[in-house]
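Here are my notes on the model, set out as numbered points. Please read them with the structure open.

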Amino acid sequence: MAYELYYWPTIQGRGEYVRLALEEAGADYSDVARGKGGTAAMMKMMEAKGGTPPFAPPFLKSGRLLIGQTANILLYLGARHGLAPKTEAGRLWVHQLRLTVTDFVAEVHDTHHPIATSLYYEDQKGPAKQRAADFLKQRVPKYLGYFERVLKSSGGAYLTGRKLSYADLSLFQIVEGMRYAFPKRMKRFEREIPALIALHDRVATRPNIKAYLSSERRIAFNEDGIFRHYKALDR
C-alpha cells in the first residue's frame with residue numbers, strides 16, 4: 001500500500017519532515033500535489049464537509065486513514081517503520097521532542113511574519129528585524145542548547161541512544177534550515193552545539209537520506225518556505 005502525502009508542491013516547509021521519514025523508511029509514497037491536478041485534489045480534501053478533513057497540509061493518506069499535523073503523522077509513521085521506540089514511554093518521549101521542534105519551527109516562521117501571515121515580509125520589515133534579533137539572541141540558544149543536552153545525555157549517537165528516530169530526522173532539517181535562513185549566525189551557534197552538528201552529519205550520510213538529498217525529490221530551499229534567507233535579519 002502506497003502512502004499519499006499532501007503538501008504544497010514548491011516548498012519544503014512542514015511537509016519536509018514527513019518526506020524525510022518516508023525516505024528513511026524506504027516507504028512507497030506519492031507526493032500528490034507535485035503531480036497534475038494534485039493541488040486541486042489537496043484543496044478539495046481540506047474543504048470536505050464530512051469525515052475527518054485536515055485543517056491544513058501536510059496530511060497523509062494511509063488506506064482509509066487521513067492523518068493531519070506533522071507531529072501526528074510522524075507519530076503514526078514512527079510506530080509503523082521502526083522510527084520510534086517500542087515502549088510507550090519511549091514513543092511519548094520522541095513525540096515530545098518532535099512537538100518541541102514544532103514550537104521552534106513556528107518561531108522561525110514568525111521572524112519574517114511577526115505581525116500577520118497574510119501580510120508580505122515587505123509590509124512588516126521593521127517588526128521582523130526586531131523579532132529576528134530577539135529570536136537569535138534568546139530563543140535559538142535555548143532550543144538548540146536543549147537538544148544538545150538531550151543528545152549528550154542519550155548515551156548514544158541519537159536522541160534515544162543507539163537507534164535513529166524521526167525526531168533525529170527533524171533535527172537534521174532544523175540544522176539545514178537554519179544554515180539557509182541565518183548562515184552568519186548559525187556559524188557562531190554551531191561552535192556551541194557539536195553534538196547536534198555531528199547528528200546532522202550522521203543523518204546526511206545514511207544511505208536512503210543521502211540518495212534523497214541528491215535526487216529531484218528534494219525541493220531546494222527558497223524564499224517561499226518557512227526557512228527564508230533575508231540578509232537584513234541575519235545579524
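**Notes on helix packing and the sheet**

1. Start with H5 and helix H8 (residues 194-204). Their axes come within 8 Å and cross at roughly 75°. That makes H5 roughly perpendicular to H8. Bear in mind throughout that this is a predicted model.

2. Which residues of H5 and H8 meet? From H5 come Leu 144, Glu 148, Leu 151 and Lys 152. From H8 come Pro 194, Ala 195, Leu 196 and Leu 199. The residues of this contact of H5 with H8 divide into six nonpolar, no polar and two charged.

3. Now H5 against H4. Helix H4 covers residues 88-112 and helix H5 residues 125-153. The axes of H4 and H5 come within 9 Å and cross at roughly 165°. H4 and H5 are therefore roughly antiparallel to each other. The crossing of H4 past H5 is left-handed.

4. The H4 side of the contact with H5 includes Trp 93, Leu 97, Val 101, Phe 104 and Val 108. Charged and polar names also appear on H4, among them Gln 96, Asp 103, Glu 107, Asp 110 and His 112. H5 contributes residues including Ala 128, Arg 131, Phe 135, Arg 139, Tyr 143, Leu 144, Phe 147 and Val 150. By class, the contact of H4 with H5 has 14 nonpolar, four polar and five charged residues. Leu 144 is worth a second look: this H5 residue is in the contact with H4, and Leu 144 is also in the contact with H8.

5. Look next at the loop between H4 and H5, where Pro 114 lies. Is Pro 114 buried or exposed? Its relative accessibility is 22%, so Pro 114 counts as partly exposed. Beyond its neighbours within four places in sequence, Pro 114 is in contact with Gln 124, Pro 127, Ala 128 and Arg 131. Ala 128 and Arg 131 also belong to the H5 side of the contact with H4. The C-alpha atoms of Pro 114 and Lys 129 are separated by 9.3 Å, with the two residues 15 apart along the chain.

6. H4 has another helix partner, helix H6 (residues 166-181). The axes of H4 and H6 come within 9 Å and cross at roughly 20°. H4 and H6 are therefore roughly parallel to each other. H4 passes H6 in a left-handed crossing.

7. On H4, the residues meeting H6 are Arg 91, Val 94, His 95, Leu 97, Arg 98, Val 101, Phe 104, Val 105 and Val 108. On H6, they are Tyr 166, Ala 167, Ser 170, Leu 171, Ile 174 and Met 178. This contact of H4 with H6 has eleven nonpolar, two polar and two charged residues. Leu 97, Val 101, Phe 104 and Val 108 of H4 meet H6, and these four names appear in the contact with H5 too.

8. Turn to the sheet. Four strands form an open sheet in the order S2-S1-S3-S4, with mixed pairing. Strand S2 (29-31) and S4 stand at the edges with a single partner strand each, so one side of each is left without a neighbour in the sheet. From one strand to the next, the twist averages 20°.

9. How do S1 and S3 pair? Strand S1 (residues 3-6) and strand S3 (residues 59-62) run antiparallel, joined by three bridges. Leu 5 has Leu 60 in S3 as its bridge partner. Tyr 6 stands opposite Phe 59 in S3.

10. S3 also pairs with strand S4 (residues 65-68). Four bridges join these strands, which run antiparallel. Ser 62 has Leu 65 in S4 as its bridge partner. S3 and S4 form a hairpin with two residues between them. Gly 63 in the turn has a positive phi of about 60°.

11. Finally, the helices on the sheet. Helix H1 (residues 15-25) lies across S1, S2 and S3, and runs at about 160° to S1. Helix H2 (residues 38-46) packs on the sheet too, touching S1, S3 and S4, and its direction makes about 90° with that of S3.

12. How much of H1 is buried? Ten of its eleven residues are, so H1 is largely enclosed by the rest of the structure. Among the buried residues are Glu 16, Arg 19, Glu 23 and Glu 24, alongside Tyr 17, Val 18, Leu 20 and Leu 22. After H1 comes Gly 26, with a positive phi near 65°.

Definitions and conventions
Residues are numbered from 1 along each chain as its sequence is written. This is a predicted model: local features need pLDDT of at least 70, side-chain atom pairs count only at pLDDT 80 or more; totals for chains, interfaces and linings use all residues. Side-chain values use heavy atoms; hydrogens and water are left out. Axes are lines fitted to C-alpha atoms, for helices over the stretch in contact, and angles run from 0 to 180 degrees between N-to-C directions. Angles under 35 degrees count as roughly parallel, over 145 as roughly antiparallel, 65 to 115 as roughly perpendicular and the rest as oblique. A crossing is left-handed if the near helix is turned anticlockwise from the far one by less than a right angle, and right-handed if clockwise. Contact means heavy atoms within 4.5 Å. Two strands pair if DSSP finds at least two bridges between them. Buried means under 20% relative accessible area, exposed over 50%, partly exposed in between (1.4 Å probe, protein chains only).
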